[in-house]
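Please open the structure in a viewer and keep the sequence beside it. The tour proceeds by selection: at each stop, select the residues named and compare the view with the description.

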Amino acid sequence: MRYYLITTHQRPKFYRASGSVVEVELSYVDKKEIRTLNANGELSIQTIEGCRGNDLLSDKGGTWMICNMDDAIATLEKAAVYPFESKEAARQHAKQLEIASFKYLLVP
């Protein structure tokens, strides 16, 4: 698991390693369908809907409501935004930079 540091704004922005904040244009979706098989091989479809007024996360579970994960990560890298290897590493870095207000974005 990887973690990005994001702002707490209604429409969050991303923190760079330097502590600067950048707004990155990404393609979000309103709904995501997650398909999984149970032990009997039966297909289950779970629909996740985004939060109202927040392009970034779903209401439940913190699912990143991004259209294409690989494209989003590549776009963030072009903007010099990189994930931390752990939540603790992200927290420690934010503490070192004296960032008082932030949230985590978990990326599998």
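**First stop: helix α1 and its ends**

Select Ala80, which lies just after α1 and takes a positive phi of about 60°. The model in view is a predicted one, and this should be kept in mind throughout the tour.

Move next to the other end of the helix and select Asn68 together with Asp70. Asn68 caps the N-terminal end of α1, with a side-chain oxygen placed 3.0 Å from the backbone nitrogen of Asp70.

Now display the side chains of helix α1, residues 69–78. Which residues of this helix are buried? They are Ala72, Ile73 and Leu76. Looking down the axis of α1, one finds these buried residues within an arc of 95°, so they line one face of the helix. Turn the view to the face directed away from this buried side, where the exposed residues Asp70 and Lys78 are carried. Asp70 therefore appears twice at this stop: its backbone nitrogen takes part in the cap, and the residue is exposed because its relative accessible area is over 50%.

To see what covers the buried residues of α1, select strands β1, β2 and β6 (103–107), which are included in that cover.

**Second stop: aromatic rings**

Show the aromatic side chains. A pair of aromatic rings is described by the distance of the centres and the angle of the planes. How many aromatic pairs are there? The count comes to four.

Begin with Tyr4 and Phe14. The centres of their rings are 5.9 Å apart and the planes stand at 85°, so this pair is edge-to-face. Tyr4 belongs to strand β1 and Phe14 to strand β2, so the pair ties together parts that are ten residues apart in sequence. Both residues can be checked for burial: Tyr4 is buried, with a relative accessible area of 1%, and Phe14 is buried, with 2%.

Keep Tyr4 selected and add Trp64. These two residues form a tilted aromatic pair, at 6.2 Å centre to centre and with 50° between the planes. Because Tyr4 is in strand β1 and Trp64 is in the loop between β5 (43–49) and α1, the pair ties together parts that are 60 residues apart in sequence. Trp64 counts as buried, at 3% relative accessibility.

Before leaving the rings, select Tyr3, Phe102 and Tyr104, which form one aromatic cluster.

**Third stop: the loop after β1**

Select Thr8, in the loop between β1 (2–6) and β2 (14–15). Is Thr8 buried, partly exposed or exposed? At 41% relative accessibility, Thr8 counts as partly exposed.

Add Ser101 to the selection. Thr8 and Ser101 are 93 residues apart in sequence, yet their C-alpha atoms are 6.7 Å apart in space. The side chains of the two residues are joined by a polar contact of 3.2 Å. Beyond its neighbours within four places in sequence, Thr8 is in contact with Ser101, Phe102 and Lys103. Phe102 has already been selected as a member of the aromatic cluster.

**Fourth stop: helix α2**

Select His93 in helix α2, residues 87–96. His93 is buried, since its relative accessible area of 19% is under the limit of 20%. What does the side chain of His93 reach at 2.7 Å? It reaches the backbone oxygen of Ala17. When residues up to four places away in sequence are not counted, His93 touches Ala17 and Phe84.

Remain in α2 and select Arg91 and Glu88. These residues form a salt bridge, in which the closest N and O atoms are 2.8 Å apart. Being three residues apart in helix α2, they are separated by about one helical turn. Arg91 is partly exposed, with a relative accessible area of 33%, and Glu88 counts as partly exposed at 41%.

**Last stop: the other salt bridge**

The structure holds two salt bridges. To see the remaining one, select Glu33 and Arg35, whose closest N and O atoms are 2.9 Å apart. Glu33 is partly exposed, with a relative accessible area of 45%, whereas Arg35 counts as exposed at 51%.

Conventions
Residues numbered from 1 in each chain as written. Predicted model: local features only at pLDDT ≥ 70, side-chain atom pairs only at ≥ 80, totals over all residues. Heavy atoms only, no water. Helix = DSSP H or I, 4+ residues; strand = E, 2+ residues; numbered from the N terminus. Buried < 20%, exposed > 50% of the residue type's maximum accessible area, 1.4 Å probe, protein only. Contact = heavy atoms within 4.5 Å. Polar contact = N/O pair within 3.5 Å; in protein donor to acceptor, adjacent residues only side chain to side chain. Arc of directions from axis to C-beta. Phe/Tyr/Trp six-rings, centres within 6.5 Å; stacked < 30°, edge-to-face > 60°. Salt bridge = Lys/Arg side-chain N within 4 Å of Asp/Glu carboxyl O.
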